[in-house]
Amino acid sequence: MECSSSDIVSLTSLIHNLEEKNKELEEIIKKQAETILHLQSRIIELEARLGLHSANSNFPPSRDIASPPKPVNLRTKSGKKAGGQKNVKG
């Protein structure tokens, strides 16, 4: 198969265009990678701040975004009625 000089010129031009496009795409990828790293560090920072509230830091309660978690009640009900003993003379 014979290649004419115009075929060679067009292939050379095509290769040159592809190399330029490749450089542009590499720059875009590089900028996106930098942006991703920046955003990941920002997410880590914000998640750490989100976990802080007045119960586990020196922040005043007015700075709480949401109320701190309520303590868990470990007592169980006995089933008895509230109040003192009835009919006991002392």
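**Salt bridges, a surface patch and a pocket around helix H1**

In this predicted model, Lys-21 pairs up with Glu-24 in a salt bridge, and their closest N and O atoms sit 3.9 Å apart. That value falls inside the cut-off, since a salt bridge needs a side-chain nitrogen of Lys or Arg within 4 Å of a carboxyl oxygen of Asp or Glu. The general idea is a simple one: side chains of opposite charge can pair when their charged atoms come close. Both partners, Lys-21 and Glu-24, belong to helix H1, where they are three residues apart, or about one turn of the helix. Lys-21 has a relative accessible area of 46%, so it counts as partly exposed. For Glu-24 the relative accessible area is 44%, which makes this residue partly exposed as well.

How many salt bridges does a search of the whole structure find? The search turns up two. Besides the pair just described, Glu-45 forms a salt bridge with Arg-42, and here the closest N and O atoms are 3.1 Å apart. This pair also lies in helix H1, with Glu-45 and Arg-42 three residues apart, again about one turn of the helix. Are these two side chains buried, partly exposed or exposed? Glu-45 is partly exposed, because its relative accessibility is 37%. Arg-42 is partly exposed too, because its relative accessibility comes to 36%.

Now for the helix itself and its nonpolar side chains. Helix H1 takes in residues 5-50, and Leu-14 is one of its members. Leu-14 joins Leu-11 and Leu-18 in a nonpolar patch on the surface, and together the three leucines offer about 300 Å² of accessible area. Leu-14 counts as partly exposed because its relative accessibility is 45%, and a residue needs over 30% relative accessible area to be part of a patch.

Ser-6 is another residue of helix H1. With a relative accessible area of 47%, Ser-6 is partly exposed. Ser-6 and Lys-21 are 15 residues apart along the chain, and their C-alpha atoms are separated by 22 Å.

What about Leu-50, which is also in helix H1? This leucine has a relative accessibility of 59%, so it counts as exposed; the mark to pass for that label is 50%. Between the C-alpha atoms of Leu-50 and Asp-64 there are 9.4 Å, while 14 residues separate the two along the chain. Asp-64 also features in a second pair, this time with Ser-54: the two are ten residues apart along the chain, and their C-alpha atoms are separated by 6.4 Å. Ser-54 is found in the segment after H1. Its relative accessibility is 21%, so Ser-54 counts as partly exposed, given that buried means under 20%.

Leu-50 comes up once more in the largest pocket, which holds about 250 Å³ of space. Which of its eleven lining residues are closest to the centre? They are Arg-49, Leu-50, Leu-52, Arg-63 and Ile-65. Sorted by class, the lining of this pocket contains six nonpolar residues, along with two polar and three charged ones.

Definitions and conventions:
Residues numbered from 1 in each chain as written. Predicted model: local features only at pLDDT ≥ 70, side-chain atom pairs only at ≥ 80, totals over all residues. Heavy atoms only, no water. 1 Å grid on protein atoms, 1.4 Å probe; cavity = no way out; pocket = protein on both sides within 12 Å on 5 of 7 lines; lining within 4 Å. Points joined across faces, edges and corners; volume = space filled by probe spheres on them. Nonpolar A, V, L, I, M, F, W, Y, C, P; charged D, E, K, R; others polar. Patch = residues over 30% accessible without salt bridge, like charges linked within 9 Å, V, L, I, M, F, W, Y side chains within 5 Å. Areas by Shrake-Rupley, 256 points an atom, 1.4 Å probe, with all protein chains shown as cover. Helix = DSSP H or I, 4+ residues; strand = E, 2+ residues; numbered from the N terminus. Buried < 20%, exposed > 50% of the residue type's maximum accessible area, 1.4 Å probe, protein only.
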